[in-house]
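Subject: Handing over a structure

Hi there,

I am passing a structure on to you, together with some notes on what turned up in it. Have a look at it first, and then read on.

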Amino acid sequence: MTIDQHLAEWWLTNLETSARFDAPWVADAVAWLVGGSSRDGSQPLQRVLDVGCGAGGAACAFAAALGPGVVTGFDRDPRLLAIAGRRAADAGLAGHIRWLAARVGALPVEPGSADLVWASGVVHHVPDQQAAIGTLAGLLRPGGRLALVEGGLPVRCLPFDIGLGAVGLESRLDEARSRWFADMRDELGGPTLPYGWPEALRRAG
């Protein structure tokens, strides 16, 4: 197995583990979004799109809250869709969610047809991030909601001195991740996004 194949397998495992780790806050976010339709008097959610669904954590949470036939999960990697499908089956949601292989810029969705679009950890993998947000926003019906989940400040879990090796391990890990992210963005070759996510959402309308 090549290094690239090892990295691909690690990435699949990492996303599946992350979906389990993120489940509590994802469930809270989904409950808040689903409850928003009753809070603001809008119609109940009838079409939810999870774009870049990964291991299927959010799609399953939406399906559990809304019932069958409402949620569609998209990911460009069929292997992740298979993992997501197994996750749905384990949660008793087999057949509740439609899974489709597609990229952000080529989603088989009519513009203006979705009540809610959820995109977690997706936009920063697209060359033109602002255009991607505009594409996602364009899928919404009038009054629909875009839930964009992206990174913020790094999580702090370790003490400065863990008693192994040089002190400041977590800072070095943060630096390594920053270098990886910068290299990834350089490889994509898209325009920079020299402003925060709130401004990017405002520009997308």
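A residue counts as buried under 20% relative accessible area, as exposed over 50%, and as partly exposed in between. Glu199 has a relative accessible area of 23%, so this residue is partly exposed. Please keep in mind throughout that this is a predicted model.

**Salt bridges**

Since Glu199 has already come up, let me stay with this residue. Which partner does Glu199 have in a salt bridge? The partner is Arg202, and the closest N and O atoms of the two are 2.7 Å apart. Both residues belong to helix H6, which covers residues 197-203. They sit three residues apart there, about one turn of the helix. Arg202 has a relative accessibility of 56%, so this residue counts as exposed, whereas Glu199 is partly exposed. The pair also belongs to a network of salt bridges, in which Glu199 and Arg202 are linked with Arg203.

How many salt bridges are there by this rule? The count comes to six, and two further examples are worth a look.

One of them joins Arg179 and Glu175, with 3.4 Å between the closest N and O atoms. Why are these two separated by about one helical turn? Because they are four residues apart in helix H5, that is the separation between them. Arg179 counts as partly exposed at 48% relative accessibility, and Glu175 is likewise partly exposed at 48%.

The other example is formed by the side chains of Asp77 and Arg79, at 2.9 Å from N to O. Is Asp77 buried or exposed? With 16% relative accessibility, Asp77 counts as buried. Its partner Arg79 has 41%, and therefore counts as partly exposed.

**The cavity**

Next, the inside of the model. A search of the whole structure for cavities of 30 Å³ or more finds one. The largest cavity has a volume of about 70 Å³. Ten residues line this cavity, and those that lie nearest its centre are Ser42, Leu45, Asp115, Arg141 and Arg145.

Where does the lining come from? Helix H1 (3-39), strand S4 (114-120) and strand S5 each supply at least two of its residues. The largest share is that of S5, with four residues. By kind, the lining of the largest cavity is made up of three nonpolar, four polar and three charged residues.

Strand S5 also holds Leu140. This leucine has a relative accessible area of 14%, which means that Leu140 is buried. If you would like a distance to try out in your viewer, take the C-alpha atoms of Leu140 and Gly95: they are separated by 24 Å, and the two residues are 45 apart along the chain.

**A patch on the surface**

Finally, the outside. Which residues form a nonpolar patch on the surface? They are Leu158, Ile162, Leu164 and Leu173, and together they have about 370 Å² of accessible area. Leu158 is found in the loop that runs between strand S5 (140-149) and helix H5 (169-188). The relative accessible area of Leu158 is 39%, so this member of the patch is partly exposed. Leu140, by contrast, is buried at 14%.

I hope this helps you find your way around.

Best wishes

Methods:
Residues are numbered from 1 along each chain as its sequence is written. This is a predicted model: local features need pLDDT of at least 70, side-chain atom pairs count only at pLDDT 80 or more; totals for chains, interfaces and linings use all residues. Side-chain values use heavy atoms; hydrogens and water are left out. Patches are made of residues with over 30% relative accessible area and no salt bridge: like charges are joined within 9 Å, nonpolar side chains (Val, Leu, Ile, Met, Phe, Trp, Tyr) within 5 Å. Accessible areas come from the Shrake-Rupley method with a 1.4 Å probe; for residues, only the protein chains shown count as cover. A salt bridge is a side-chain nitrogen of Lys or Arg within 4 Å of a carboxyl oxygen of Asp or Glu. Buried means under 20% relative accessible area, exposed over 50%, partly exposed in between (1.4 Å probe, protein chains only). On a 1 Å grid over the protein atoms alone, a cavity is a set of points where a 1.4 Å probe fits but cannot get out, and a pocket is an open set with protein on both sides within 12 Å along at least five of seven lines; lining residues have an atom within 4 Å of a point. Grid points are joined across faces, edges and corners, and a volume is the space filled by probe spheres set on the points. Ala, Val, Leu, Ile, Met, Phe, Trp, Tyr, Cys and Pro count as nonpolar, Asp, Glu, Lys and Arg as charged, and the others, Gly among them, as polar.
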